[in-house]
Amino acid sequence: MAQGARKEYYGVMSNLSITNIIASNIRSMREEAGYTQEDFAAKVKFDRSYYGRIERGNVNLTVERLLRIAKLQQCEPGDLLPTLEKLNEYELDVGLNADE
């Protein structure tokens with residue numbers, strides 16, 4: 001993806017959470033690049049079942065693993081995260097109260 005050209009991937013998700021948005025972004029970018037889950041998992045050196053859990057939103061990724069995925073996708077790590085606008089729009093909890 002060209003630098004500065006942030007594309008947002010938000011599939012239809014019944015259980016909208018930050019983890020699910022990241023999972024949807026990772027899955028969409030992988031599919032767009034033409035990788036199967038198995039191929040992509042092998043390239044980033046993750047077990048295929050673990051990688052499947054990432055794409056289902058069942059894993060809170062470490063920064064290192066998020067960076068590994070971003071590097072293989074040749075995108076900025078932030079491209080895998082929800083924008084602040086989306087956090088506010090969907091009122092997603094990031095552990096801060098408005099009065100803090």
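How many salt bridges does the structure hold? The structure holds three, and we'll get to each of them below. One thing to keep in mind from the start: this is a predicted model.

## The overall picture

Let's start with the fold. The protein chain has five helices and zero strands, so if you read the elements from the N terminus on, you get α-α-α-α-α. Of its 100 residues, 35% count as buried. The accessible surface comes to about 6600 Å², and carbon and sulfur atoms make up 46% of that.

How does the chain fold back on itself? Take the contacts with a separation of 6 or more: 57% of them are between residues 24 or more positions apart.

## How far to trust it

The average pLDDT for the chain is 86, and 81% of the residues score at least 70. Residues 1-5 are another story: pLDDT stays under 50 there, and the model has seven contacts beyond four places in sequence for this stretch. Where pLDDT is low, the predicted coordinates should not be read in detail.

## The nonpolar core

Now for the inside. The largest nonpolar core has 16 residues, and those with the most contacts inside it are Ile26, Phe46, Tyr51, Ile54, Ile69 and Leu80. The helices that each give two or more residues to this core are H1 (18-33), H2 (37-43), H3 (48-55) and H4 (63-73).

Phe46 deserves a closer look. You'll find Phe46 in the loop between H2 and H3. Is Phe46 buried or exposed? With 8% relative accessibility, Phe46 counts as buried, because the cut-off for buried is under 20%. If you leave aside its neighbours within four places in sequence, Phe46 is in contact with Ala41, Tyr51, Ile54, Arg65, Arg68 and Ile69. One of these partners, Arg65, is 19 residues away from Phe46 along the chain, and their C-alpha atoms are separated by 9.1 Å.

## Helix H4 and its two faces

Which residues of H4 are buried? They are Leu66, Ile69, Ala70 and Gln73. These residues cover an arc of only 100 degrees around the axis, so they sit on the same side of H4. What covers them includes H1, H2 and H3.

Go round to the face of H4 turned away from that buried side and you meet the exposed residues Glu64 and Lys71. Just after H4 comes Gln74, which takes a positive phi of about 55 degrees.

## Helix H3

H3 has its own set of buried residues: Tyr50, Tyr51, Gly52, Ile54 and Glu55. They pack against H1, H2 and H4. Two of the names should look familiar, as Tyr51 and Ile54 are also among the core residues listed earlier. After H3 comes Gly57, whose phi is positive, near 80 degrees.

## The salt bridges

Time to go back to the opening question. Side chains of opposite charge can pair when their charged atoms come close. Here, Arg30 forms a salt bridge with Glu55, with the closest N and O atoms 2.5 Å apart. Arg30 lies in helix H1 and Glu55 in helix H3, so this pair ties together parts that are 25 residues apart in sequence. Both partners are buried, and for Arg30 the relative accessible area is 7%.

Arg30 has another partner as well: Glu31 forms a salt bridge with Arg30, the closest N and O atoms being 3.8 Å apart. Glu31 counts as partly exposed, at 48% relative accessibility.

The remaining pair is Glu89 and Lys86, whose side chains meet at 3.3 Å, N to O. Both lie in helix H5 (residues 84-89), three residues apart, which is about one turn of the helix. What about their surroundings? Glu89 is partly exposed, with a relative accessible area of 46%, whereas Lys86 counts as buried at 15% relative accessibility. As for the other residues, salt bridges that share partners join Arg30, Glu31 and Glu55 into one network.

Note on methods
Residues are numbered from 1 along each chain as its sequence is written. Side-chain values use heavy atoms; hydrogens and water are left out. A nonpolar core is a set of buried Ala, Val, Leu, Ile, Met, Phe, Trp, Tyr and Cys residues joined through side-chain atoms within 4.5 Å. Buried means under 20% relative accessible area, exposed over 50%, partly exposed in between (1.4 Å probe, protein chains only). Helices (H or I, at least four residues) and strands (E, at least two) are DSSP runs, numbered from the N terminus. Contact means heavy atoms within 4.5 Å. The arc is that of the directions from the helix axis to the C-beta atoms. Accessible areas come from the Shrake-Rupley method with a 1.4 Å probe; for residues, only the protein chains shown count as cover. pLDDT is the predictor's confidence in each residue, from 0 to 100. A salt bridge is a side-chain nitrogen of Lys or Arg within 4 Å of a carboxyl oxygen of Asp or Glu.
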